There are 2 protein chains.
Amino acid sequence: MSDVKPAEGPVNIGEAPSSVGFLLSQLGFVMARRFQQVMAPLGLEPRQFLLMRLVAFNEGKTQQALGEALNIPASRMVAIVDELERRGLLERHPDPADRRVRRLYVTAEGRRLLQQALEVAMAHEQRVSAPLGPAEREQLLALLHRLADDQQITAGVHPDLTTPDPAGC
Amino acid sequence: MSDVKPAEGPVNIGEAPSSVGFLLSQLGFVMARRFQQVMAPLGLEPRQFLLMRLVAFNEGKTQQALGEALNIPASRMVAIVDELERRGLLERHPDPADRRVRRLYVTAEGRRLLQQALEVAMAHEQRVSAPLGPAEREQLLALLHRLADDQQITAGVHPDLTTPDPAGC
DNA sequence: TATTGTTATACTCTATAACTATA
DNA sequence: TATAGTTATAGAGTATAACAATA
């Protein structure tokens with residue numbers, strides 16, 4: 001019960017042995033934040049960028065199909081597409097055969113912005129990879145892919161917070 | 001303006017060339033979620049675990065000093081410490097010399113729980129590292145540390161969302 | 001007047017589910 | 001009855017700043 005002598009020095013960050021899990025978690029957050037920052041000047045959030053890119057690769061797909069591919073719930077898709085459409089970056093087209101569905105298309109302006117965004121993304125990738133040589137970078141990518149496969153991560157789909165729990169511990 | 005023929009096949013996830021940034025972001029989210037899941041049975045959120053661990057390494061430090069070390073705002077610290085104290089895992093002790101400050105101590109029960117949590121964390125680390133051999137794991141750690149240094153990541157401190165932007169792009 | 005810890009308010013994001021119009 | 005998209009409601013988490021006690 002007696003108080004220990006209150007140390008007044010600097011706080012000691014308990015040095016744990018290097019951890020793959022914690023390092024990846026730290027780096028993942030920082031990478032996501034940096035990417036968000038470099039995209040911000042274009043007015044694109046990471047999620048909007050991923051959707052624009054997906055629509056460009058899949059013109060005419062339904063809003064629902066695209067949302068499912070990115071694990072974005074239908075009710076969230078509405079607001080996201082609303083804004084991108086309002087800004088003239090993509091369009092909802094009605095389907096003559098089924099008037100419930102909305103098929104998404106990228107506009108000419110959307111394509112221009114997407115092109116810029118892709119260039120920004122490539123520059124970002126170069127920047128964050130800068131500390132590594134080409135061979136080291138390939139080595140890292142190979143190792144990360146091994147872990148990603150083990151975790152059943154789908155290429156191109158970000159496991160934001162949308163997926164509660166796929167399966168298997 | 002004429003509609004393109006609406007493709008009805010599967011959605012094509014545009015295969016981008018492998019990206020260190022995106023892979024790290026994906027893996028980081030998954031690692032954080034898995035860690036959260038393995039800690040849940042102990043009733044500890046990752047943030048609570050980090051704080052418990054920090055207090056154990058720094059008994060008698062003030063609430064404010066500990067919060068700053070983890071980049072947790074003072075107003076958030078209150079609720080976090082409230083709950084851990086309510087559960088009997090740590091205690092606020094008044095400082096006789098300055099009655100404004102609260103110095104934090106881990107209780108015996110807190111120590112027991114922390115010990116369990118550390119074991120869970122080690123098992124988690126082994127699990128996520130399982131796809132790699134010992135040499136590969138060391139290789140990966142070395143490469144990740146290079147990137148972490150470049151991003152000015154502090155060992156043991158998670159850049160959750162608390163740090164808006166340190167400095168330098 | 002400055003500082004530690006606390007509390008209160010407002011805001012953002014999200015999930016959930018109700019709702020509409022079609023099928 | 002089922003489905004695509006939409007809207008509405010409520011909840012969690014947070015930042016911000018006001019506040020009380022003490023220095």
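Contact here means heavy atoms within 4.5 Å. The model is predicted.

## Exercise 1. The two chains

Task: work out how chain A and chain B are related, and through which surface the copies meet.

Solution.

- Step 1. Start with the general case. Two copies of a chain are related by a rotation about an axis and a shift along it.
- Step 2. Superpose the chains. A turn of 180° and a shift of 0.0 Å along the axis lay chain A on chain B, with an RMSD of 0.1 Å.
- Step 3. Read off the symmetry. The two copies are thus related as by a two-fold rotation axis.
- Step 4. Locate the axis in chain A. Gly28(A) has the C-alpha nearest to it, at 2.0 Å.
- Step 5. Compare the interface residues. Of those in chain A, 99% are also interface residues in chain B, so the copies meet through the same surface.

## Exercise 2. A residue facing the other chain

Task: place His145(A) in its helix, classify its exposure and list its contacts beyond four places in sequence.

Solution.

- Step 1. Find the element. His145(A) belongs to helix α6 of chain A.
- Step 2. Classify the exposure. The relative accessible area of His145(A) is 32%. Buried means under 20% and exposed over 50%, so His145(A) is partly exposed.
- Step 3. List the contacts. Leaving out residues up to four places away in sequence, His145(A) touches Ser18(B) and Leu23(B).
- Step 4. Add a distance within the chain. His145(A) and Ala155(A) are 10 residues apart in sequence, and their C-alpha atoms are 9.5 Å apart.

## Exercise 3. Leu114(A) and the α2–α5 crossing

Task: decide whether Leu114(A) is buried or exposed, then describe how α2(A) packs on α5(A).

Solution.

- Step 1. Place the residue. Leu114(A) sits in helix α5 of chain A, residues 108–129.
- Step 2. Check the accessibility. With a relative accessible area of 7%, Leu114(A) is buried.
- Step 3. Look for partners. Beyond four places in sequence, Leu114(A) touches Phe49(A), Met52(A), Arg53(A) and Ala56(A). Met52(A) is 62 residues from Leu114(A) in sequence, yet their C-alpha atoms are 7.0 Å apart.
- Step 4. Move to the helices. The axes of α2(A), residues 46–57, and α5(A) come within 10 Å and cross at roughly 120°. That makes α2(A) oblique to α5(A). The crossing is left-handed.
- Step 5. List both sides of the contact. From α2(A) come Phe49(A), Met52(A), Arg53(A) and Ala56(A). From α5(A) come Gly110(A), Arg111(A), Leu114(A), Ala117(A), Leu118(A) and Ala121(A).
- Step 6. Sort by class. The contact of α2(A) with α5(A) has seven nonpolar, one polar and two charged residues.

## Exercise 4. Two helices against α5 in chain B

Task: describe the crossings that α2(B) and α1(B) make with α5(B).

Solution.

- Step 1. Take α2(B), residues 46–57. Its axis and that of α5(B) come within 10 Å and cross at roughly 120°. The two helices are therefore oblique to each other. The crossing is left-handed.
- Step 2. Name the residues. Phe49(B), Met52(B), Arg53(B) and Ala56(B) of α2(B) meet Gly110(B), Arg111(B), Leu114(B), Ala117(B), Leu118(B) and Ala121(B) of α5(B). By class, this contact of α2(B) with α5(B) has seven nonpolar, one polar and two charged residues.
- Step 3. Take α1(B), residues 20–39. Its axis and that of α5(B), residues 108–129, come within 10 Å and cross at roughly 140°. Roughly antiparallel would need an angle over 145 degrees. α1(B) and α5(B) are therefore oblique. This crossing is right-handed.
- Step 4. Name the residues. α1(B) supplies Met31(B), Arg34(B), Phe35(B), Val38(B) and Met39(B). α5(B) supplies Ala117(B), Val120(B), Ala121(B), His124(B) and Val128(B). The contact of α1(B) with α5(B) divides into eight nonpolar, one polar and one charged.

## Exercise 5. An unusual backbone angle

Task: find where Gln152(A) lies and state the sign of its phi, then repeat for Gln152(B).

Solution.

- Step 1. Recall the usual sign. Most residues other than glycine have a negative phi.
- Step 2. Check chain A. Gln152(A) has a positive phi of about 55°. It lies in the segment after α6 (134–150) of chain A. Its relative accessible area is 60%, so Gln152(A) is exposed.
- Step 3. Check chain B. Gln152(B) has a positive phi near 55°. It lies in the segment after α6 (134–150) of chain B. Gln152(B) counts as exposed at 59% relative accessibility.

Methods: Residues are numbered from 1 along each chain as its sequence is written. Chains are lettered from A and ligands numbered from 1 in the order in which they are written. This is a predicted model: local features need pLDDT of at least 70, side-chain atom pairs count only at pLDDT 80 or more; totals for chains, interfaces and linings use all residues. Side-chain values use heavy atoms; hydrogens and water are left out. Copies are superposed by least squares on the C-alpha atoms of residues with pLDDT of at least 70 in both. Axes are lines fitted to C-alpha atoms, for helices over the stretch in contact, and angles run from 0 to 180 degrees between N-to-C directions. Helices (H or I, at least four residues) and strands (E, at least two) are DSSP runs, numbered from the N terminus. Angles under 35 degrees count as roughly parallel, over 145 as roughly antiparallel, 65 to 115 as roughly perpendicular and the rest as oblique. A crossing is left-handed if the near helix is turned anticlockwise from the far one by less than a right angle, and right-handed if clockwise. Ala, Val, Leu, Ile, Met, Phe, Trp, Tyr, Cys and Pro count as nonpolar, Asp, Glu, Lys and Arg as charged, and the others, Gly among them, as polar. Buried means under 20% relative accessible area, exposed over 50%, partly exposed in between (1.4 Å probe, protein chains only).
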